[in-house]
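Colleague: Got a minute? I'd like to go through this model with you, starting with how the helices pack.
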Amino acid sequence: MVQIAILGYGTVGSGVVEVLNTNKNSIAKKTGEEIQIKYVLDLRDFPGDPIQEKIVHDFNMILNDPEVAIVAEVMGGVEPAYTFTKKALMAGKSVCTSNKELVARHGAELLQTAKENNVNYLFEASCGGGIPIIRPLNSSLTGDQIDEITGILNGTTNYILSKMIQEGSEFDDVLKEAQEKGYAERNPEADVKGYDACRKIAILSSLAFGKQVNFEDVYTEGISKISLADIQYAKAMNCSIKLLASSRREGEDVYAMVCPVLVDKEDPLFSVNGVFNAIFVHGNMLGDAMFYGSGAGKLPTASAVVGDIVDEAKNRGRNVMASWGEERLALADVKTSKSMFFVRVCKTAETDLEKTEAIFGRVKPVVLEELPGEFGFVTEEMTEAEFEERKEKFGSVISRIRVRRAE
């Protein structure tokens, strides 16, 4: 029998308990022995819930119990999760987590601590909810050099953009609806400003490229400025707008960014709608692969945590090392990154196609009758710095959205 402890009995923590109880027999067959929850740490009590008999309020009870072999940290936030995780690893207990904030900030250090103590630190649930992506990067794809990871990594923003496109609704209206349905937090900043996706792409990039990618270094834009007019243009071009988190290798340089992007209907990411997520991976031997599924939610995320618990139970006494070192990876300056841009400009006597092409080069114009005071166009590929220079010279740009390059 493998004794475990769960840190936190919120949404994910209660989901972990549910998955372990519901699938108890099949999990035991896969593990080779029964997994039993000995403790659940939480500040609260839960009278009437069967879990109450396992509730403890002092982490030291877990830390000092030699029977506890695995700790599932699903508290969220950096502290006290970091302190508890580090102490558990140093005490010879494996730890698994869904805590993307902690993994993004301290992942390399905690992996090294796990290695030094011959235990494991696993975090499958930190990046794609129920989508398996960490394990493939650590095992199935280790024979490849990963050139690109691009994904829809946040279900809240994907739901908002999908509803705006399908129903022609404004951002603020859809955000309110998402909050009412529980898809968005009361304070949605981490989602709509791109911070959640930023942490996730930093984790995936660190694993893919083998060095620490600091999330503070990742250029990040959110979706709060996407308007109904942007949606109308996207539809006219048979495109969709997605918040994409991306990292890619170009020669010796690695670029990483999070931003809204126009995606063509031929792109596999075009059809990923609602709260679903998808992660596109390109390897130099593999070519293209895409991982798709529920990117968030109580049970999908809990399922990924339990998968890590099973993996750690099967690998007791053996460290399964991830290729993520503590050396910092210096990302290339985003100003030198190349893209095509969709640009909206005010229509005046001076802003005709001739002037536009004199400044931006050859463009593909997009004119909508319902927006008579402006027009749009798609530029050829250029660097971010070149675009900013031309934008300043043009002078009447309303907005711009990057366009995903066709492969």
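**Helix packing and two loop-side residues**

Modeller: Happy to. Helix α8 (residues 155–167) packs with helix α9 (residues 171–180) at an angle of about 130 degrees, and their axes are 9 Å apart. Keep in mind that this is a predicted model.

Colleague: What does that angle make α8 relative to α9?

Modeller: Oblique, because angles over 115 degrees and up to 145 fall outside the perpendicular and antiparallel ranges. The crossing of α8 past α9 is right-handed.

Colleague: And which residues in α8 and α9 meet?

Modeller: From α8 you have Y159, I160, K163 and M164, and they meet F171, V174, L175, E177 and A178 in α9. Sorted by class, the contact of α8 with α9 has seven nonpolar residues, two charged and no polar.

Colleague: Okay, on to α5 and α11. At what angle do they pack?

Modeller: Helix α5 (residues 100–116) and α11 pack at about 45 degrees, with axes 9 Å apart. The two are therefore oblique to each other. Here α5 passes α11 in a left-handed crossing.

Colleague: Who makes the contact between α5 and α11?

Modeller: K100, E101, V103 and A104 on the α5 side, with D196, R199, K200 and I203 on the α11 side. By class, the contact of α5 with α11 has five charged, three nonpolar and no polar residues.

Colleague: Is α11 mostly covered or mostly open?

Modeller: Mostly covered, with 14 of its 15 residues buried.

Colleague: How far apart are the end C-alpha atoms of α11, and what span should we expect?

Modeller: The 15 residues of α11 (residues 195–209) should span 21 Å at 1.5 Å a residue, and the end C-alpha atoms are 21 Å apart, so the two agree. Right after α11 comes G210, which has a positive phi, near 80 degrees.

Colleague: Same check for α1, please. What span should α1 have?

Modeller: For the 12 residues of α1 (residues 11–22), 1.5 Å a residue gives an expected 16 Å, and the end C-alpha atoms are 16 Å apart, which agrees.

Colleague: Which residues of α1 are buried, then?

Modeller: V12, G13, S14, G15, V16, V17, V19 and L20. The buried residues of α1 pack against β1 (2–7), α2 (24–31), β2 (35–41) and α13.

Colleague: Tell me about α1 and α13. How do they pack?

Modeller: At an angle of about 65 degrees, with axes 8 Å apart. The crossing of α1 past α13 is right-handed. T11, V12, S14, G15, V16, E18, V19 and L20 in α1 meet K298, L299, T301, A302, S303, V305, V306 and I309 in α13. By class, the contact of α1 with α13 has nine nonpolar, five polar and two charged residues.

Colleague: Changing topic: where is S337 found?

Modeller: In the loop between α13 (298–314) and β13 (338–346). S337 has 2% relative accessibility, so it counts as buried, the cut-off being under 20%. Leaving out residues up to four places away in sequence, S337 touches R248, Y255, M382, T383 and E384.

Colleague: T383 is on that list. Where does T383 lie, and is it buried or exposed?

Modeller: T383 lies in strand β16 (residues 382–383), and it is buried, with a relative accessible area of 13%. With the same neighbours in sequence left out, T383 touches K335, T336, S337, K338 and F341.

Colleague: Last one: how far apart are T383 and Y292?

Modeller: They are 91 residues apart in sequence and 31 Å apart in space, C-alpha to C-alpha.

Technical notes
Residues numbered from 1 in each chain as written. Predicted model: local features only at pLDDT ≥ 70, side-chain atom pairs only at ≥ 80, totals over all residues. Heavy atoms only, no water. Helix = DSSP H or I, 4+ residues; strand = E, 2+ residues; numbered from the N terminus. Expected span 1.5 Å × (residues − 1). Buried < 20%, exposed > 50% of the residue type's maximum accessible area, 1.4 Å probe, protein only. Axes fitted to C-alpha atoms, helices over the stretch in contact; angles between N-to-C directions. Parallel < 35°, antiparallel > 145°, perpendicular 65-115°, else oblique. Left-handed = near helix turned anticlockwise from the far one by under 90°. Contact = heavy atoms within 4.5 Å. Nonpolar A, V, L, I, M, F, W, Y, C, P; charged D, E, K, R; others polar.
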